[in-house]
Amino acid sequence: MGKNHPKVDDYVVSRVRALESLLLEKGLLAPDAVDRVVRRYEASTGPMIGARAVARAWRDAAYRARLLQQPTAALADLGVRYDRLVVVENTPAVHNLVVCTLCSCYPWDVMGLPPTWYKAPAYRSRAVSEPRAVLAEFGLVVPQEREVHVWDSSAELRYMVMPMLPPGAQDLSEDELASRITREALIGVAEVTLPARAG
Amino acid sequence: MNGAHDLGGMHGFGPVDPEPDEPVFHHDWERRVFALNLASGFLGQWNIDMSRYAREQMPAAEYLATTYYEHWLFGLEHLLVKKGLVKPEEIEARVAELRRQRVGRPAAGS
Amino acid sequence: MSHDHDHHHDHDHDPDHPGEHGAPLSGPALRVKALESLLVEKGLVDPVALDQLIDRYETKVGPRNGARVVARAWTDPAFKRRLLDDTSSAMAEFGYTGRQGENMVVVENTPTIHNMVVCTLCSCYPWPVLGLPPVWYKSAPYRSRAVIDPRGVLREFGVELRDDVEVRVWDSTAELRYLVLPLRPAGTQGMSEEQLAEIVTRDSMIGTGVVNGLSAR
Amino acid sequence: MRVLKGADVEQVIRKSGGARVHVELPAKFKAGDRVVARNLHPLGHTRLPRYARGRRGVIDRDHGVFIFPDTHAAGTGQKPQHVYAVRFDARELWGEAAEPRQFVYLDLWESYLDPA
């Protein structure tokens, strides 16, 4: 396990159990509430929603314009109700990166819950002051002539990056494209790449 | 460096907590690490600014969760190792040895 | 908080002779012991020097030194002038020199100015005149709040300043070390220098206290 | 390597010279000058606290010449220079809501300061 991962701590484990059983006992918590919340955020939402929106935008210029200009409406087309997303577009001249320095704000409804590293002090402290170095650690070297725009989402808007369509992907279907778009690409710490096709 | 030591104006640490009739040192190890720092400084292998910087090298979360003389201990180890006067594995071996002695178990293998 | 972090002075419960009765040494106590034995073994430190250093800072220097300086400044105007103008030499008259007191500055409280001292970056403190600093001086709450909320900190120390008093916080992050010259309390006219030195508290010389004439005993 | 002997402790402590450097150097500022602390974020050691960076203050006094900790900690030289007590109004440091008649005095090396 990396250093960013929380330590397994018997103390915390037993404290969480104690709290849950207390709240149940006091009737402050419905018996199935915890399971339902967990299911929603563990299984039903996730980066596949954001990936779907980006894949459609890549294939459909009208949808792309809407996703960038009216993201709430564009998400509604996908059956997602979410009114505070801002989509920022990567171009050959600009690379975008999202962070929340004050806590760990993240567009849950279109990207699921954030990865541990996104919530860890190392990322939160460094993304604003040395984004190129952080990106390089993720294996993404942004050339000096390309601007880096860091979006610190410390207010109520949530940011998602629209990565660039990788070369050679023009003929792929929306499903195929969506499957290539990673959570990391939507945060802005990776580009979308196509695997070298064998044969 | 923008480290955890740079505390001026930070919120969230709660009230100042003075202790009536506070002793100079609270534990014997505090006495020892204080004197070890001064005596080792005399070796002339580093200066006071290097000592301060060494304490700032403590990981930020650990710095805030530990006390003053633990910072001094960290800094001293850091400098001794950096200057090649002591190897990290020597420290770990000695720690392990002392722990075995104190627990009163025979050394491993015997 | 029910699961608050250990308080600084009850980290381990065997303060003076850790491990003496077979209890395992742990944490920093164990590491310090290991380091000391290694350094002694390598001839890098002299065990006698360690004992001398500890004895010096635990028993020989302390806030009584600063209190004597303050009492003299209260009773001898010529000394007070020297103390404010050339602090290090005035202190040398008492023999209070050396490490962490090489470059001293005395700042004087007046009815309209209250001074207080902090080191936000570490815990710099004038050792020769005050000894080693108390835990609270080195703690995050004091270091973080003294510069942003000095009046709030002072209130917690029981010092209530009138609104028209200017608060000057000296953040001693460079190599100068500060000593506050507190106000001499009313009703102490008849007291000798020695008696005055008795009533000067450590906190009044850091600036988190004032000298109270009524509680003078 | 010198090893500190028990018999020498008292003398060594008393004789400690500190970081003052006894050389004459021209001072860039004098008491009363308005200055602004530079907005520096070095990876190395510095004694310029974050809360003062980019803030304006007034030179209170010139303390004389001292070793510069930023380079001294890095082992790249003493770079002696003047250190000044700079007086910052609490409202400059902490905004309009800060209490009036409250000042922070911070000792800053010349390399940390620009004229305001």
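Let me begin with the place where chain B meets chain C, where 56 residues of chain B are in contact with 63 residues of chain C. Please keep in mind throughout that what we have in front of us is a predicted model. Between them, chain B and chain C bury about 5700 Å², and carbon and sulfur atoms account for 64% of that area. There are 4 pairs of chains that touch, and among these pairs the most contacts are between chains B and C.

If we look at the side of chain B that touches chain C, we can sort its residues by class, and we then find 31 nonpolar, 9 polar and 16 charged residues. With charged residues in view, it is worth recalling that side chains of opposite charge can pair when their charged atoms come close. How many salt bridges are there between chain B and chain C? The count is 8, and there are also 16 residue pairs in polar contact between these two chains, where both residues have a pLDDT of 80 or more.

Let me go through three of these salt bridges with you. In one of them, Glu41(C) pairs with Arg94(B), and the closest N and O atoms are 2.9 Å apart. In another, Glu77(B) pairs with Arg31(C), with the closest N and O atoms 2.6 Å apart; since Glu77(B) belongs to helix 4 of chain B and Arg31(C) to helix 1 of chain C, this pair joins two chains. Glu77(B) is buried, because its relative accessible area is 14%, which is under 20%, whereas Arg31(C), with a relative accessible area of 22%, is partly exposed. The third is formed by the side chains of Glu90(B) and Lys42(C), at 3.0 Å from N to O, and this pair crosses from helix 5 of chain B to the loop between helix 1 and helix 2 of chain C. Glu90(B) is partly exposed, at 23% relative accessible area, and Lys42(C) is partly exposed as well, at 35%.

Now I would like to turn to helix 1 of chain B. Is this helix largely enclosed or largely open? Of its 14 residues, 12 are buried, so helix 1 of chain B is largely enclosed by the rest of the structure. Among the buried residues are Trp29(B), Val33(B), Phe34(B) and Leu36(B), but also Glu30(B), Arg31(B) and Arg32(B). The cover over these buried residues includes helix 2 and helix 4 of chain B, helix 1, helix 2 and helix 6 of chain C, and helix 1 of chain D. We can also check the length of this helix: at 1.5 Å a residue, its 14 residues should span 20 Å, and its end C-alpha atoms are indeed 20 Å apart, which agrees.

Chain B also touches chain D, and here the contact takes 23 residues from chain D and 19 residues from chain B. The area buried between chain D and chain B is about 1900 Å², with 54% of it coming from carbon and sulfur atoms. On the side of chain D, the residues that lose the most area to chain B are Met1(D), Arg2(D) and Arg50(D), which together give 31% of what that side buries. Across this interface there is 1 salt bridge, in which Arg50(D) pairs with Asp6(B), the closest N and O atoms being 3.9 Å apart.

Within chain D itself, the side chains of Glu92(D) and Arg56(D) meet in a salt bridge at 2.8 Å from N to O. This pair links distant parts of the chain, since Glu92(D) is in helix 3 and Arg56(D) is in strand 2, 36 residues apart. Glu92(D) counts as buried, at 17% relative accessibility, while Arg56(D), at 52%, counts as exposed.

Finally, a few words on chain A. Chain A has 11 helices and 4 strands, and 36% of its 199 residues count as buried. No contact joins chain A and chain B, whose closest C-alpha atoms lie 9 Å apart, and chain A and chain D do not touch either, their nearest C-alpha atoms being 9 Å apart. Within chain A, Arg52(A), Arg56(A), Glu174(A) and Asp175(A) are linked in a network of salt bridges, and over all chains the whole structure holds 43 salt bridges.

Note on methods:
Residues numbered from 1 in each chain as written. Chains lettered and ligands numbered in written order. Predicted model: local features only at pLDDT ≥ 70, side-chain atom pairs only at ≥ 80, totals over all residues. Heavy atoms only, no water. Contact = heavy atoms within 4.5 Å. Buried area = accessible area lost by both parts, 1.4 Å probe. Salt bridge = Lys/Arg side-chain N within 4 Å of Asp/Glu carboxyl O. Polar contact = N/O pair within 3.5 Å; in protein donor to acceptor, adjacent residues only side chain to side chain. Nonpolar A, V, L, I, M, F, W, Y, C, P; charged D, E, K, R; others polar. Expected span 1.5 Å × (residues − 1). Buried < 20%, exposed > 50% of the residue type's maximum accessible area, 1.4 Å probe, protein only.
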